[in-house]
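Here's a quick tour of one protein model, written for someone new to reading structures. Have a look at the picture first, then follow along.

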Amino acid sequence: MPLESLLLSRDPEVIRVLQPALEKLSVEVEVCGGVSSGQEILRTEKFDAIIVDCDDLKGALGVLEGLRKSASNKNSVTFAILNGSTTTQRAFQMGANFVLQKPVSALNAKRCLSAAINFMIRERRRYFRHPVEMSATISFCEGQKLKVTMTNISEGGMAVCFRGPLPKGTASSVSFKLPGAATPLEPKIQIAWIDESGRAGLRFVDMNKEPRAQLDGWLAEQSEKIAPSSR
């Protein structure tokens with residue numbers, strides 16, 4: 001799926017400049033002109049980029065400030081549009097990654113968005129979960145091992161399913177091979193969650209540089225296959 005953005009503004013000139021600039025970078029844009037409706041959208045949807053017209057939309061500064069506390073969008077790339085009422089320093093303190101000053105020109109918009117696009121892609125890859133069906137083995141500190149089936153994997157961890165009870169003790173690592181790889185990856189892990197149906201989430205807590213590069217590269221390839229238009 002393509003990169004997605006939310007533009008929170010009712011300024012027609014801002015919308016006129018930013019909407020085509022985003023679309024030229026293959027970023028879909030949803031325009032919202034109200035703070036309350038924007039907050040509702042942000043509670044239920046995940047965006048790669050969020051652009052907030054902070055000074056000319058009443059209450060929008062609070063939206064910017066609250067983004068880093070939100071469940072869905074705390075890591076989204078965030079832009080603050082200012083007209084001089086809010087300082088650039090204040091916008092950065094409130095969580096903005098990039099700042100645009102009004103009047104927003106097409107050239108400045110292009111430069112700012114182009115500089116941010118790699119951050120959007122990186123964040124997309126970070127939370128991108130690729131569905132898989134591969135075998136893996138969890139090792140526990142007490143010596144037990146558990147065969148599991150991976151159901152999805154991301155840069156930060158994986159979901160697995162298994163039969164029978166989970167061994168007591170602390171999970172220490174998981175071993176698995178990516179398709180086409182000669183050697184297994186063996187990152188250290190923590191169990192993030194378990195449910196009663198025999199599923200669990202594993203969080204990677206330590207991975208050496210070479211295996212990390214291998215996993216990141218493989219995930220990037222999978223992401224490219226399903227979302228070529230967003231790159």
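Which residue in β11 does Lys 188 stand opposite? The answer is Asp 206. Keep in mind that this is a predicted model.

**Strands side by side**

Let's stay with β11 for a moment. Strands β10 and β11 run antiparallel and are joined by six bridges. Four residues sit between the two strands of this hairpin, and Gly 198 there has a positive phi near 85°. Strand β11 also pairs with β8 (residues 157-161), again in the antiparallel sense, over five bridges. On that side, Ala 159 faces Gly 201 of β11.

**Aromatic rings**

To describe two aromatic rings, you give the distance of their centres and the angle of their planes. The count here comes to three aromatic pairs. One of them joins Phe 98 and Phe 119 edge-to-face, with 5.9 Å centre to centre and 70° between the planes. These two rings link distant parts of the chain: Phe 98 belongs to strand β5 (residues 98-101) and Phe 119 to helix α5 (residues 106-127), 21 residues apart. Phe 98 counts as buried because its relative accessibility is 16%, and the cut-off for buried is under 20%. Ring pairs also bring Phe 79 into a cluster with Phe 98 and Phe 119.

Another pair, Phe 176 with Phe 204, is stacked: the centres are 6.5 Å apart and the planes differ by 10°. Phe 176 is in the loop between β9 (171-175) and β10 (188-194), while Phe 204 is in β11 (residues 199-206), so this pair ties together parts 28 residues apart in sequence. Phe 176 is buried at 2% relative accessible area, and Phe 204 is buried too, at 9%.

**A look at helix α1**

Does the length of helix α1 come out as expected or not, if you count 1.5 Å a residue? Its 13 residues (12-24) should span 18 Å, and the end C-alpha atoms are 19 Å apart, which agrees. At the start of α1, a side-chain oxygen of Asp 11 comes within 2.9 Å of the backbone nitrogen of Glu 13. After the helix comes Ser 26, with a positive phi near 60°. Inside α1, the buried residues include Val 14, Leu 18 and Leu 22. Among the elements covering the buried residues of α1 are β1 (3-8), β4 (77-82) and α5.

**Charged partners**

Side chains of opposite charge can pair when their charged atoms come close. The structure holds nine salt bridges, and here are some of them:

| Salt bridge | N to O distance |
|---|---|
| Asp 11 and Lys 102 | 2.9 Å |
| Arg 43 and Glu 40 | 2.6 Å |
| Lys 102 and Asp 53 | 3.1 Å |

Lys 102 appears in the loop between β5 and α5, and Asp 53 in strand β3, so their salt bridge ties together parts 49 residues apart in sequence. Both Lys 102 and Asp 53 are buried. Asp 11, in contrast, is partly exposed at 21%. Through shared partners, salt bridges join Asp 11, Asp 53, Asp 56 and Lys 102 into one network.

Arg 43 and Glu 40 tell a more local story. They are three residues apart in helix α2 (residues 35-44), which means about one helical turn separates them. Arg 43 is exposed, at 54% relative accessible area, and Glu 40 is partly exposed, at 41%.

Terms used: Residues are numbered from 1 along each chain as its sequence is written. This is a predicted model: local features need pLDDT of at least 70, side-chain atom pairs count only at pLDDT 80 or more; totals for chains, interfaces and linings use all residues. Side-chain values use heavy atoms; hydrogens and water are left out. Rings of Phe, Tyr and Trp (its six-membered ring) pair if their centres lie within 6.5 Å; planes under 30 degrees apart count as stacked, over 60 as edge-to-face and the rest as tilted. Buried means under 20% relative accessible area, exposed over 50%, partly exposed in between (1.4 Å probe, protein chains only). The expected span of a helix is 1.5 Å times one less than its number of residues. Contact means heavy atoms within 4.5 Å. A polar contact is a pair of N or O atoms within 3.5 Å; within protein, one must be able to donate a hydrogen and the other to accept it, and residues adjacent in sequence count only if both atoms are side-chain atoms. Two strands pair if DSSP finds at least two bridges between them. A salt bridge is a side-chain nitrogen of Lys or Arg within 4 Å of a carboxyl oxygen of Asp or Glu.
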